[in-house]
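I'm opening a new notebook page for this one. My plan is to look things up one at a time and jot down what I find.

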Amino acid sequence: MNPIPVNEPLLDGKEKKYLFECIETGWISSEGPFVKQFEQQFAAHMGRKYGIAVCNGSVALDAAVAALGIGSGDEVILPTFTIISCAAAIVRAGAVPVVVDCDPHTWNMDVSQLEAKITPRTKAIMVVHIYGLPVDMEPVLALAEKYGLQIIEDAAEMHGQTYKGRPCGSFGAISTFSFYPNKHVTTGEGGMLLTDDEKLAERCSSLRNLCFQPQKRFVHEELGWNFRMTNLQAALGVAQLERLDEFVARKYHIGQRYTELLSDIPGLQLPVPKTDYAENIYWVYGLVLNDQVPFDAEEAMRRLAKYKIGTRPFFWCMHEQPVFQKMGLFDGVCCPVAERIARRGFYIPSGMALTDEQMERVAIAVREIFS
Ligand SMILES: *Cc1c(COP(=O)(O)O)cnc(C)c1O
């Protein structure tokens, strides 16, 4: 029995051809032509004016927070159910992360709880679309407008998704993407910031490049980082982006097929297929164990590992992270929905290269671990 990995990317388009071009021409650094091409094409795809490519999706968030001038004394609201990168960017900037619980069905930030978290110190809302369904953006946009807050949109899991027909990654002052191999478009490691604001675009690109100055290169007015993406990575990105529609359709098929195969198993909560603002694009296919199931996600994953089926646990809440608790953050915070799904949720193989036969094998194993 061959193992079924939790993720396997598809690299059988023009990736080799474009990579070969980099080697042939000697353009391998961030100065190469694929970087600009990828930035322009990716931004155009998401309906944005400017794209700033960086070396991963986590640093894209660091640069976004810094570019918006968020720092000491500021509060930023974000979902507790997300990746550490979101809260880390806020904490590293010296600002305070304020978390919101999630919706039990969509697993996204419960936007009805947002307004109660806004204080005079709130500077921004970091929106994170989770696992394939977007956050309900309209109420978020209305609150941002009402209270004069910036929006950072973490669209790392949303390449090709839309909210009421508008591309995810086109909302707020800055949106960010990741191109890690489990994302819809991969560059191995990589990320991107998108914005429509020329000044913000300049700030992001300066922060990415150590804040070198055009006139006096080695004289610095501000501290930046080396977050540059290489031409090799961008070459992969250009090739991958050519197939985005196909990739989104493939993931959608995976989601639909899993739902057919798994929906009659008692004790399992499956991803929501659609809401009134979007259809799920199933970035990953998550499962949450109902309370009647006498074991938790860890045990379920252990049992599936015996069938050589790769899984990943759900995110662990930001307010329960030991690193933040040691800093004295999130004292007394309680988010019962996110705490529960973090313990009872995990996802099954969902990569682009997953075959229908593999899905059937996964479904049989999932069924067996419940009997
Ligand atoms: C993958 C991901 C990131 C981080 O991206 P890396 O490229 O792995 O640093 C950030 N936010 C979300 C929501 C993600 O899924």
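Before sorting any residues I need a rule: Ala, Val, Leu, Ile, Met, Phe, Trp, Tyr, Cys and Pro count as nonpolar, Asp, Glu, Lys and Arg as charged, and the others, Gly among them, as polar. Note to self: I'm looking at a predicted model.

**Entry: the second largest cavity**

I tried the rule on the lining of the second largest cavity and got five nonpolar, four polar and two charged residues. Here is who lines the second largest cavity: Asn-7, Pro-9, Leu-10, Pro-181, Asn-182, Lys-183, His-184, Gln-240, Phe-247, Lys-251 and Met-352. The space inside the second largest cavity is about 40 Å³.

**Entry: the domains**

Next I checked how the protein is divided, and I found domain 1 (15-241) and domain 2 (244-370). Their C-alpha centres sit 24 Å apart. For contacts, I noted 42 residues of domain 1 against 41 residues of domain 2. Back to the second largest cavity for a moment: each of the two domains gives its lining at least three residues.

**Entry: the largest cavity**

How many cavities of 30 Å³ or more are there? I wrote down three. The largest cavity holds about 50 Å³ of space. Its lining includes His-105, Thr-106 and Trp-107, and also Pro-271, Val-272 and Asn-280. Sorting the lining of the largest cavity gave me seven nonpolar, five polar and no charged residues.

Where does the largest cavity lie with respect to domain 1 and domain 2? It lies between them, because both domains give residues to its lining.

**Entry: the ligand**

Then I turned to the ligand. Around it I listed Asn-56, Gly-57, Ser-58, Ile-83, Val-128, Asp-154, Ala-156, Glu-157, Ser-178, Lys-183 and Gly-190. By type, this shell splits into three nonpolar, five polar and three charged residues. Lys-183 caught my eye: it is in the ligand shell, and it also lines the second largest cavity.

Which atoms pair up? I looked at three side chains.

- Asp-154 has a side-chain N or O atom 2.7 Å from a nitrogen atom of the ligand.
- Glu-157 has a side-chain N or O atom 2.6 Å from an oxygen atom of the ligand.
- Ser-178 puts a polar side-chain atom 2.7 Å from an oxygen atom of the ligand.

Last thing for this page: how much of the ligand does the protein bury? Taken alone, the ligand exposes 380 Å², and the protein buries 91% of that.

Note on methods:
Residues are numbered from 1 along each chain as its sequence is written. This is a predicted model: local features need pLDDT of at least 70, side-chain atom pairs count only at pLDDT 80 or more; totals for chains, interfaces and linings use all residues. Side-chain values use heavy atoms; hydrogens and water are left out. A residue is near a molecule or strand if one of its heavy atoms lies within 4 Å of it. A polar contact is a pair of N or O atoms within 3.5 Å; within protein, one must be able to donate a hydrogen and the other to accept it, and residues adjacent in sequence count only if both atoms are side-chain atoms. Accessible areas come from the Shrake-Rupley method with a 1.4 Å probe; for residues, only the protein chains shown count as cover. On a 1 Å grid over the protein atoms alone, a cavity is a set of points where a 1.4 Å probe fits but cannot get out, and a pocket is an open set with protein on both sides within 12 Å along at least five of seven lines; lining residues have an atom within 4 Å of a point. Grid points are joined across faces, edges and corners, and a volume is the space filled by probe spheres set on the points. Domain bounds come from an automatic or database domain assignment. Contact means heavy atoms within 4.5 Å.
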